[in-house]
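Open the model in your viewer and keep the sequence panel visible. The tour goes from one selection to the next.

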Amino acid sequence: MERKIIKTGDGSTTIHIPEWNEQYHSKHGAIQEAYHVFIKHGLEICNLDEISILEIGFGTGLNCFITYLESLKNNKKIHYTGVEAYPVANSIVFELNYPEILEAENIASIFTKIHAVSWNEKQEISEKFDLEKQEKKFQDISVENTFDLIYFDAFGARVQPELWTEQIFEKMFKALKKDGILVTYSAKGSVRRAMQAVGFLVEKLPGPPGKREMLRGIKSDIK
Ligand SMILES: C[S@@+](CC[C@H](N)C(=O)[O-])C[C@H]1O[C@@H](n2cnc3c(N)ncnc32)[C@H](O)[C@@H]1O
């Protein structure tokens, strides 16, 4: 499928797929959305010194890069696993303006390093941050009791409804440790119900700019 780089509302770029009229991030602001959904409502409420994160849809590596930047501020140890079946070509990745917009040009080499990590091999980005990029389909995830936090960042249910089902959320629920958290930009009723059906305690939270709400699920014993 054709992929085009476009500019979003906060000046950061993203990838647009004309065939689906779908983007890798919100058109209102790629970086704003990533911080709001995954950092503010995910990473920041994870009260652990060492956090294992699973990203559903590694894509451009933006979420991974901002998680790395956050880990520098809070001195947490991060184990990051990004699953992706269709890696983005480096010729596109390095056209994206994330290091510049994040004013992280002094560590743009980290963005490069993240993308240089070989697929299916755990590698250290720094002493406090390791990364494993797994080239496979979400449908093939079968780990249990492994992650503290999931960034659920699949393309929307409009274009990939098969990724927002009870079957997939069941895999996510199993992959989380007890009290683990899943955050997603979606606020669809059908998504909320699928998450609840597999056992998540689901909260609606204010969405990022341009979106009223988003969802967060906790793997809690308390219902
Ligand atoms: C919304 S984008 C992810 C954006 C990404 N988190 C970022 O920060 O750039 C969704 C990603 O899911 C990937 N994808 C789509 N279907 C998939 C599947 N069945 N299994 C694994 N990856 C898939 C796409 O290639 C795309 O990179």
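In what order do the three strands of the open sheet stand? The order is β1-β2-β3, and the pairing is antiparallel. Strands here are DSSP runs of E with at least two residues, numbered from the N terminus, and two strands pair if DSSP finds at least two bridges between them. This is a predicted model, in which local features need pLDDT of at least 70 and side-chain atom pairs count only at pLDDT 80 or more, while totals for chains, interfaces and linings use all residues. Residues are numbered from 1 along each chain as its sequence is written, and side-chain values use heavy atoms, with hydrogens and water left out.

**Stop 1: the open sheet**

Select 4–7 for β1 and 22–23 for β3. Both stand at the edges with a single partner strand each, so one side of each has no neighbour in the sheet. Now add residues 13–17, strand β2, which pairs with β1 over four antiparallel bridges. One pair to display is Ile5 with its bridge partner in β2, Ile15.

**Stop 2: a parallel pair**

Select residues 50–56, strand β4. Six of its seven residues are buried, so β4 is largely enclosed by the rest of the structure. Buried means under 20% relative accessible area, exposed over 50%, and partly exposed in between, with a 1.4 Å probe and protein chains only. Next select residues 77–83, strand β5, which β4 joins in the parallel sense over seven bridges. Leu54 has Thr81 as its bridge partner in β5.

**Stop 3: the ligand**

Select the ligand and the residues near it (a heavy atom within 4 Å). Of the 22 residues around the ligand, Glu55, Gly57, Thr60, Glu84 and Asp153 come nearest. Then show the polar contacts, that is, pairs of N or O atoms within 3.5 Å. Asp153 has a polar side-chain atom 2.7 Å from a nitrogen atom of the ligand. For Gln160 the distance from such an atom to a ligand nitrogen is 3.2 Å, and for Asn63 it is 3.3 Å. The ligand taken alone exposes 600 Å², of which the protein buries 98%; accessible areas come from the Shrake-Rupley method with a 1.4 Å probe.

**Stop 4: strand β11 and Arg216**

Select residues 213–218, strand β11. Five of the six residues are buried, so this strand too is largely enclosed by the rest of the structure. Add residues 201–206, strand β10, which runs antiparallel to β11 and is joined to it by six bridges. Leu201 has Ile218 as its bridge partner in β11. β10 and β11 form a hairpin with six residues between them, and Gly210 in the turn has a positive phi of about 90 degrees. Strand β9, residues 176–184, also pairs with β11, antiparallel and over four bridges; Leu182 is bridged to Gly217 there.

Is Arg216, in strand β11, buried or exposed? Arg216 is buried, with a relative accessible area of 8%. Its side chain reaches the backbone oxygen of His41 at 2.9 Å. Among the residues that Arg216 touches, beyond four places in sequence, are His41, Ile45, Met195 and Glu203.

**Stop 5: the nonpolar core**

Finish with Phe152, Phe169 and Met172, which touch the most other members of the 72-residue largest nonpolar core. Such a core is a set of buried Ala, Val, Leu, Ile, Met, Phe, Trp, Tyr and Cys residues joined through side-chain atoms within 4.5 Å. Leaving aside neighbours within four places in sequence, Phe169 is in contact (heavy atoms within 4.5 Å) with residues including Phe152, Trp164, Leu182 and Phe200.

Definitions and conventions. A polar contact is a pair of N or O atoms within 3.5 Å; within protein, one must be able to donate a hydrogen and the other to accept it, and residues adjacent in sequence count only if both atoms are side-chain atoms.
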